[in-house]
Amino acid sequence: MVEVETSRFGEIKVNEDEIITMVEPILGFPWAKRFVIREHRPGVPFKWFQCLDDGSLAFVIVNPLLFKPDYTVEIDEEEAEKLGIKDPLDAEVYVIVTIPRGNPQDMTANLKAPIVINKKKRLAKQLVLDREDYPIKYRLFGD
């Protein structure tokens, strides 16, 4: 059991089998290696990707298929090996959401750099996709 003091949830206790380890850090956060996914509220699609190495660091994440049903992530052999993914069904994909202060309706999702998680091995990596049709700031709500 790991205990962490967080800025959003206070002290949390996390079972070892819930910990997700980054095989390479999220861009800009080299010290952040261990995370846990926490529910925001029941029935809400947004989740928290809470860092266990820095309790003040947490990202809002969401399954991109909920708002972009044609979203696909192709994982090359090298990335799949790093994550220990042998079966595509072992992979979960999330994107990081940015919610601006003042107007949550302007929230965006980073489709260019999803986080891929091996559900079985609890390993994760942020991929940077070479696709022009996947922007860094994809608006979740229309105008």
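The legends below go with close-up views of one predicted model.

**Figure 1. The whole chain, built from one helix and eleven strands.**
Welcome to the overall view, a good place to get your bearings. Read from the N terminus, the elements follow the order β-β-β-β-β-β-α-β-β-β-β-β. The radius of gyration is 15 Å, close to the 15 Å that the globule rule gives for 143 residues, so the chain is as compact as a globular protein of that length. Taken along the principal axes, the box filled by the C-alpha atoms is roughly 40 × 40 × 30 Å. Of the 143 residues, 41% are buried. The accessible surface comes to about 8,500 Å², and carbon and sulfur atoms hold 51% of that surface. Among contacts with a separation of 6 or more, 54% join residues 24 or more positions apart.

**Figure 2. The largest pocket, with a volume of about 220 Å³.**
Rolling a probe the size of a water molecule over the atoms shows where empty space is left. Which residues line the largest pocket? The lining consists of Asn63, Pro64, Leu65, Tyr71, Thr72, Val73, Ile75, Pro88, Ala91, Glu92, Val93 and Tyr94. By class, these lining residues divide into nine nonpolar, two polar and one charged. Keep Tyr71, Val73, Val93 and Tyr94 in mind from this lining, since we meet them again in the next view.

**Figure 3. Pro114, a buried residue in the loop between strand 8 and strand 9.**
Is Pro114 buried or exposed? The relative accessible area of Pro114 is 0%, so this proline counts as buried. Strand 8 covers residues 108-109, and Pro114 lies in the loop between that strand and strand 9. Beyond its sequence neighbours up to four places away, Pro114 touches Tyr71, Val73, Val93, Tyr94, Val95, Lys125, Gln126, Leu127 and Leu129. Tyr71, Val73, Val93 and Tyr94 also line the largest pocket. For a distance to check on screen, try the C-alpha atoms of Pro114 and Val128, which are separated by 7.1 Å and belong to residues 14 positions apart along the chain.

**Figure 4. Asp90, in the loop between helix 1 and strand 7.**
Helix 1 spans 77-83 and strand 7 spans 91-98, with Asp90 in the loop that joins them. The relative accessibility of Asp90 is 11%, which is under the 20% cut-off, so Asp90 counts as buried. Leaving aside neighbours within four places in sequence, the contacts of Asp90 are Ile117, Asn118, Lys119 and Lys120.

**Figure 5. Arg122 and Leu123, at the start of strand 10.**
Here two sequence neighbours share a view. Arg122 sits in the loop between strand 9 (115-118) and strand 10 (123-126), while Leu123 belongs to strand 10. Most residues other than glycine have a negative phi, and most peptide bonds are trans. The phi of Arg122, however, is positive, near 60°. Arg122 is partly exposed at 24% relative accessibility, and Leu123 is also partly exposed, with a relative accessible area of 22%. Without counting neighbours within four places in sequence, Leu123 contacts Ile20, Thr21, Val23, Lys82, Leu83, Val116, Ile117 and Asn118. The C-alpha atoms of Leu123 and Ala91 are separated by 9.7 Å, with their positions 32 residues apart along the chain counted as the separation.

**Figure 6. Lys33, in the loop between strand 3 and strand 4.**
Lys33 lies in the loop between strand 3 (20-22) and strand 4 (34-39). What is the relative accessible area of Lys33? The value is 37%, and Lys33 is partly exposed. Apart from residues up to four places away in sequence, Lys33 touches Ile20, Thr21, Met22 and Asp53. Ile20 and Thr21 are also among the contacts of Leu123. Between Lys33 and Val4, 29 residues apart along the chain, the C-alpha separation is 14 Å.

**Figure 7. Pro135, in the loop between strand 10 and strand 11.**
The last stop is a second proline. Pro135 is found in the loop between strand 10 and strand 11, the latter running over 138-139. Pro135 is partly exposed, with a relative accessible area of 29%, whereas Pro114 is buried. Setting aside residues up to four places away in sequence, Pro135 touches Ala109, Asn110, Leu111 and Lys112. The C-alpha atoms of Pro135 and Ile12 are separated by 34 Å, and these two residues are 123 positions apart along the chain.

Conventions. Residues are numbered from 1 along each chain as its sequence is written. This is a predicted model: local features need pLDDT of at least 70, side-chain atom pairs count only at pLDDT 80 or more; totals for chains, interfaces and linings use all residues. Side-chain values use heavy atoms; hydrogens and water are left out. On a 1 Å grid over the protein atoms alone, a cavity is a set of points where a 1.4 Å probe fits but cannot get out, and a pocket is an open set with protein on both sides within 12 Å along at least five of seven lines; lining residues have an atom within 4 Å of a point. Grid points are joined across faces, edges and corners, and a volume is the space filled by probe spheres set on the points. Ala, Val, Leu, Ile, Met, Phe, Trp, Tyr, Cys and Pro count as nonpolar, Asp, Glu, Lys and Arg as charged, and the others, Gly among them, as polar. Helices (H or I, at least four residues) and strands (E, at least two) are DSSP runs, numbered from the N terminus. The radius of gyration is taken over C-alpha atoms; the globule rule is 2.2 Å times the number of residues to the power 0.38. Buried means under 20% relative accessible area, exposed over 50%, partly exposed in between (1.4 Å probe, protein chains only). Contact means heavy atoms within 4.5 Å. Accessible areas come from the Shrake-Rupley method with a 1.4 Å probe; for residues, only the protein chains shown count as cover.
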